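Trainee: I keep meeting labels like "buried" and "salt bridge" and would like to see how they are earned. Can we go through some?

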Amino acid sequence: IVHFYRPSSWPCEVMAKHLEVVAQKHVETLVCRINAEKSPFLTERLKIWMLPTLCLVRNTQVTDYIVGFDDVGGSDDFPTEHLRLVLASKGLIN
């Protein structure tokens, strides 16, 4: 799970908080953060247009994206369990 973020963005901080909890519970899954402003080549190459974006990677291939909060309820006050269920439905965590 690759979290593209901007340091000064409140929504990105919210997503980071939830991902930290998920990462601690699912050590079998690698979770990393990439500052989109410092990685313009990668951001453009992966067509990241909104932050936060989670790029879901399996076996070196991008399988899906979670853009903003739409997939987790459309609001920044979603429960961490909701993010965990979405990631599980996409096959990234058990």
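Mentor: Sure. Start with accessibility: buried means under 20% relative accessible area, exposed means over 50%, and partly exposed is in between. Keep in mind that this is a predicted model.

Trainee: Then why is lysine 90 called partly exposed?

Mentor: Lysine 90 has a relative accessible area of 28%. Partly exposed covers what lies between under 20% and over 50%, so lysine 90 gets that label.

Trainee: How do you know that lysine 90 forms a salt bridge with aspartate 64?

Mentor: The test asks for a side-chain nitrogen of Lys or Arg within 4 Å of a carboxyl oxygen of Asp or Glu. In this pair the closest N and O atoms are 2.7 Å apart, so the pair passes. Lysine 90 sits in the segment after α3 and aspartate 64 in strand β4, so the bridge ties together parts 26 residues apart in sequence. Aspartate 64 also has a relative accessible area of 28%, so it is partly exposed too.

Trainee: How many salt bridges are there in the whole structure?

Mentor: Three. One of them joins the side chains of arginine 6 and glutamate 37, at 3.0 Å from N to O. That pair links distant parts of the chain: arginine 6 is in the loop between β1 and α1, glutamate 37 in the loop between β2 and α2, 31 residues apart. Arginine 6, at 32%, is partly exposed.

Trainee: And what makes arginine 84 and glutamate 81 a salt bridge?

Mentor: Their closest N and O atoms are 2.8 Å apart, and the cut-off is 4 Å. The two are three residues apart in helix α3, so about one helical turn separates them. Glutamate 81 comes out at 40%, which makes it partly exposed.

Trainee: Now cysteine 12: buried or exposed, and how do you know?

Mentor: Buried, because its relative accessibility is 1% and the label needs a value under 20%. Cysteine 12 is in helix α1. Leaving aside neighbours within four places in sequence, its contacts are His3, Tyr5, Arg6, Leu51 and Pro52. Its C-alpha is also 8.7 Å from that of glycine 68, 56 residues apart along the chain.

Trainee: His3 is on that list. What makes histidine 3 buried?

Mentor: Histidine 3, in strand β1, has a relative accessible area of 0%, so it is buried. Not counting residues up to four places away in sequence, histidine 3 touches residues including Cys12, Met15, Leu19, Ile34 and Leu54.

Terms used. Residues are numbered from 1 along each chain as its sequence is written. This is a predicted model: local features need pLDDT of at least 70, side-chain atom pairs count only at pLDDT 80 or more; totals for chains, interfaces and linings use all residues. Side-chain values use heavy atoms; hydrogens and water are left out. Helices (H or I, at least four residues) and strands (E, at least two) are DSSP runs, numbered from the N terminus. Buried means under 20% relative accessible area, exposed over 50%, partly exposed in between (1.4 Å probe, protein chains only). Contact means heavy atoms within 4.5 Å.
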